[in-house]
Amino acid sequence: MGSKAEWWKGAVVYQIYPRSFRDTNGDGIGDLKGIEEKLDHVAGLGADAIWLSPFYPSPNKDFGYDVSDYCDVAPEMGTLADFDRLVKETHKRGMKLIVDQVLAHTSEQHQWFQESQLSADNAKSDWYVWADAKEDGTVPNNWLSAFGGPAWSWNPVRRQYYHHKFLKSQPKLNFHNEEVVDACMNVLRFWLDRGVDGFRLDVANAYLHDARLTDNPPLPMEKRTFMDWAHAPRLQQHIHDANMPENEWAMKRVRAVMEEYDERLAFGEFSERQEMLGLYAGGLERLHTGYTFHFLEDWSFEPPVFREYYEDLLAPLADLFPCVTFSNHDIVRPVTRWGGGQGDDALAKLALTILVALKGTVLMYQGEELGLPEVDLDRKDIKDPVGDLYFPWVKGRDGCRTPMPWESGAEGAGFTTGTPWLPIPDYHKVRAADVQAGDMNSVLAHARQIVALRKAHPALKFGDIRFLDTEGKVLAFTREAEGEKLLCVFNLGAEAARYALLDGAGETVFALGEVKREGEALSLGSRSGAILKA
Ligand code: NOJ
Ligand code: CA
């Protein structure tokens with residue numbers, strides 16, 4: 001399906017968190033050379049593309065998502081020459097390289113902010129979102145930061161507040177200022193000219209804010225869940241600080257830059273109001289695609305959650321080819337979230353199989369191919385500002401950011417010869433890549449097999465998806481493309497289950513766990529599944 005430019009539709013994109021991938025100089029921090037060293041691991045998985053989380057100069061208050069220079073490489077990560085080599089080596093292996101762009105905000109240390117804060121009439125004074133205090137000195141409006149507290153901080157030089165949707169050290173750029181937009185678009189061109197194949201756009205729903213600074217309304221009582229109560233910012237509807245219809249305009253500006261080049265991809269991270277996805281992505285003018293937190297925040301692993309994503313959110317969006325993702329650097333690892341505690345390989349294999357069987361461009365996070373569980377860190381090891389704020393009630397995001405275990409027997413797990421910036425627990429070391437590589441039954445071997453399966457079947461790669469009625473823990477859907485139709489049936493539960501093959505079924509293309517054909521039914525053991533010709 002599609003043209004060469006649409007290579008990304010149904011592709012498998014492997015996300016690397018550079019700080020935790022591979023350290024080559026013993027400082028305990030991953031670097032670009034380390035990524036280059038491990039490219040064969042990624043290519044061996046069958047990934048079509050790599051998404052690199054930020055590697056730009058940063059004070060690392062938010063570990064790279066606070067950029068102080070958009071057009072350079074952080075010294076601890078390497079140099080621009082290392083980056084250029086990485087592009088070449090990635091391409092040599094037939095993979096694309098996508099980089100993260102954090103354009104909604106900068107670090108407070110970015111030169112733009114340093115200049116902007118100096119006065120209300122300098123050349124960059126309007127590059128950020130500045131506002132006077134209310135008469136009583138309090139913040140300009142009720143907007144709350146995603147990490148808690150007001151989304152405003154006082155600047156003693158300008159004697160004004162500035163807006164930050166995240167940390168106070170991440171001031172929000174003012175996308176109502178055309179110079180800011182131009183500067184950001186030139187950042188994109190800088191990397192496109194270096195040969196990158198596209199971008200993952202951080203909080204792409206938050207480029208534009210309401211210039212009148214209207215208060216956000218409260219979230220209606222009936223929509224307040226446990227999650228909402230655990231995070232005060234979730235008590236308000238973020239419709240004026242972000243997620244505005246006007247944000248579509250910014251998405252179009254990005255896409256226009258992408259169209260200056262061949263075969264590039266821009267996908268966005270869309271948090272908070274996922275119903276805006278269709279306005280921001282899809283078609284030929286907005287971003288190519290994007291992901292929401294639908295699966296990322298799910299702790300239930302219940303079949304209806306899968307159906308809802310496609311039938312409620314995506315079905316009306318005819319021109320959007322979606323992303324599908326269970327894991328990233330912000331989210332408790334899926335094995336743990338879905339009930340596998342400190343490790344459950346059967347669950348890890350099942351989740352991976354469902355991931356590649358679903359419709360979408362797959363975003364897979366480093367370690368997911370090893371079935372890594374979330375790491376439970378001690379207070380003294382916490383680095384993430386979110387954990388710092390709320391430990392032990394909310395432990396932050398370090399538990400999914402610990403370094404990759406490459407070698408089970410090595411002190412630093414083959415990640416580092418020094419002290420890793422976050423600890424690597426024994427229950428990760430036993431799942432190291434070297435152990436799994438030699439084991440036909442490992443999660444890694446399984447991951448390679450099913451990624452290859454997806455590639456061999458157009459129906460899995462980009463076919464339409466249709467859900468079938470099921471009971472209990474059984475999930476069933478068909479995928480169909482280019483005259484091929486497949487039936488995918490999974491038992492998400494730990495108990496055995498049955499699924500009646502009402503419309504019959506052909507040969508089994510793939511089976512996971514204990515699956516038996518009993519006449520016109522499938523008997524499915526715990527955490528099992530099958531893909532059949534339909
Ligand atoms: C989303 C990123 O994925 C997350 O890691 C970061 O903290 C925020 N955006 C702010 O940039
Ligand atoms: Ca290093």
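These questions and answers walk through a predicted model, its two ligand sites and a few local features.

Me: Happy to look at this with you, but how are things numbered, and what pLDDT do local features need?
Reply: Residues count from 1 along each chain as its sequence is written, while chains are lettered from A and ligands numbered from 1 in the order in which they are written. Side-chain values use heavy atoms, with hydrogens and water left out, and in this predicted model side-chain atom pairs count only at pLDDT 80 or more, totals for chains, interfaces and linings use all residues, and local features need pLDDT of at least 70.

Me: Good. How many residues surround ligand 1?
Reply: A residue is near a molecule if one of its heavy atoms lies within 4 Å of it. The closest ones here are Asp62, Asp202, His329, Asp330 and Arg397. The full count around ligand 1 is 13 residues.

Me: How many residues of that shell are charged?
Reply: Asp, Glu, Lys and Arg count as charged; Ala, Val, Leu, Ile, Met, Phe, Trp, Tyr, Cys and Pro as nonpolar; and the others, Gly among them, as polar. Sorted that way, the shell around ligand 1 has three nonpolar and three polar residues, and the charged ones number seven.

Me: What distance separates an oxygen atom of ligand 1 from an N or O atom in the side chain of Asp62?
Reply: A polar contact is a pair of N or O atoms within 3.5 Å; within protein, one must be able to donate a hydrogen and the other to accept it, and residues adjacent in sequence count only if both atoms are side-chain atoms. Arg200 brings a polar side-chain atom to 3.1 Å from a ligand oxygen, and for the side chain of Arg397 the distance is 2.9 Å. For Asp62 it is 2.5 Å.

Me: What share of the area of ligand 1 does the protein bury?
Reply: Accessible areas come from the Shrake-Rupley method with a 1.4 Å probe, and for residues only the protein chains shown count as cover. Taken alone, ligand 1 exposes 300 Å². Of that, the protein buries 98%.

Me: On to ligand 2, the calcium ion: which residue coordinates it through a backbone-type O label rather than OD or OD1?
Reply: Donors are N, O and S atoms within 2.8 Å of the metal (3.2 Å for Na, K and Ca), and sites may look incomplete because water is not among the atoms. Asp23, Asp27 and Asp31 give OD atoms and Asn25 gives OD1, with the donors at 2.3 to 2.4 Å. Their spacing along the chain is D-x1-N-x1-D-x1-I-x1-D. The donor listed with O belongs to Ile29.

Me: Is Asn25 buried or exposed?
Reply: Buried means under 20% relative accessible area, exposed over 50%, and partly exposed in between (1.4 Å probe, protein chains only). Asp23 is buried at 2%. Asn25 has 52%, so Asn25 is exposed.

Me: How many disulfides does the structure hold?
Reply: A disulfide needs a pair of cysteine sulfur atoms within 2.5 Å. The sulfur of Cys184 is 10 Å from the closest one, in Cys71, and is therefore too far for a bond. Cys488 has its nearest cysteine sulfur, that of Cys323, 19 Å away. The search of the whole structure gives zero.

Me: Which residue offers its backbone oxygen to the side chain of Ser58?
Reply: Helices (H or I, at least four residues) and strands (E, at least two) are DSSP runs, numbered from the N terminus, and Ser58 lies in the loop between strand 2 (49-52) and helix 3 (80-92). Ser58 is buried, with a relative accessible area of 14%. A polar atom of the Ser58 side chain lies 2.8 Å from the backbone nitrogen of Asn60. At 2.7 Å, the side chain also reaches the backbone oxygen of Asp66.

Me: What is phi of Asn60 near?
Reply: Asn60 is in the loop between strand 2 and helix 3, and is buried at 18%. Its phi is positive in a residue other than glycine, near 60°.

Me: Which proline is joined to Phe391 by a cis peptide bond?
Reply: The bond has an omega of about 0°. The proline sits in the loop between helix 12 (385-390) and helix 13 (426-429). The residue is Pro392.
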